[in-house]
Amino acid sequence: MSDVPAEALLITVAPTGAETTKADCPRLPTTLEELVSTAVDCEAAGAAMIHVHIRDDDHRPTLDLARLRDTVTALREATDLVVQLSTGGSVHDPLDARLRVLDAEPDSCSLTMGTTNFGDDVFSNPWPFVCELYQLSQEREIVPEFELFDLGHVAALGRLLGRYGPPYGGRVHCDFVMGVPGGMPGTADALVAGVAALPAEVTSWSATGIGRSTLPVALASLAKGGHLRVGMEDVLTISRGVPVDSNAQLVQRAVGLGALAQRRPMSTAEARDFLGTRSLDSAR
Ligand code: KMH
Ligand code: ZN
């Protein structure tokens, strides 16, 4: 058990993603400088964890290891946020490059629990890859966040934990990613079904809804006592037809929704305890 009280709301910001182009969205943080300043603003607004995808000099998604390492270092220098690197990358990234993400030694890594159709593409997560990535995270003392795009992924999580035991740190945190075309819909009904199916080992969960499902999923998550992931990886409008100004704006909105539900933002120190990540001193 962690000592973090139930009213604490974990807000994760996913500021960039791999799908939106800089040309389509100039406000998307794609350079290291933009990412760090976004992280600082989002921490000040109430986020405790950052889910990171990085871009190359042409603003295209990359898993370049040197860049990933520099990113982890820069985020740790500028913030106390829990740094989670995406191992999902983009739908075009090969599995071996996605495994190598752990060489950058983040606090946490995303770990998607199965293959899913992803718009017109396929986000590939074959079972042997999931198992290899999970065991690597255990060896490297990196806390996985299990990404659940579908109800089948929830069942697969139970199978994984049954076969390989708990993650490093002993906590089991997962995130429902809803409303992806090809995955589960971003509805309260789907979230309720997913939460009901979670394996007993799960200690916490958050949810995010893509695009227009953002608000319904956030409200449903709060109603069920869950946590929130927000950010420009998942949504680019703040209301119908109005572009998001910044990731911090989405974090501020999450803080406001949380306040309505009598939840207050979890601090970064609480988040480390809550998620079971390494202490800040050993991470640095
Ligand atoms: N970009 C998606 C294909 C993750 O970060 O782990 C995968 C994704 C999940 O965003
Ligand atoms: Zn991601």
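**Contacts of ligand 1 and the zinc ion**

Reader: What makes the pair formed by E19 and ligand 1 a polar contact?

Author: A polar side-chain atom of E19 lies 2.8 Å from a nitrogen atom of ligand 1. A polar contact is a pair of N or O atoms within 3.5 Å, so the pair qualifies. The model is predicted: local features need pLDDT of at least 70, side-chain atom pairs need 80 or more, and totals for chains, interfaces and linings use all residues, while side-chain values use heavy atoms, without hydrogens or water. Residues are numbered from 1 along each chain's sequence, and chains are lettered from A and ligands numbered from 1 in written order.

Reader: Which side chains have an N or O atom close enough to an oxygen atom of ligand 1 to count by that cut-off?

Author: S110 has one at 2.6 Å, and E233 has one at 2.9 Å. The protein buries 97% of the 300 Å² that ligand 1 exposes alone (Shrake-Rupley method, 1.4 Å probe).

Reader: Why are H51, H53 and E233 called donors of the zinc ion (ligand 2)?

Author: Donors are N, O and S atoms within 2.8 Å of the metal (3.2 Å for Na, K and Ca). H51 (NE2), H53 (NE2) and E233 (OE) lie 2.1 Å from the zinc ion, so they qualify. Their spacing is H-x1-H-x179-E. H51 lies in strand β3 (a DSSP E run of at least two residues) and E233 in the loop between β13 and β14, so the pair ties together parts 182 residues apart in sequence.

How values were computed:
A polar contact is a pair of N or O atoms within 3.5 Å; within protein, one must be able to donate a hydrogen and the other to accept it, and residues adjacent in sequence count only if both atoms are side-chain atoms. Helices (H or I, at least four residues) and strands (E, at least two) are DSSP runs, numbered from the N terminus.
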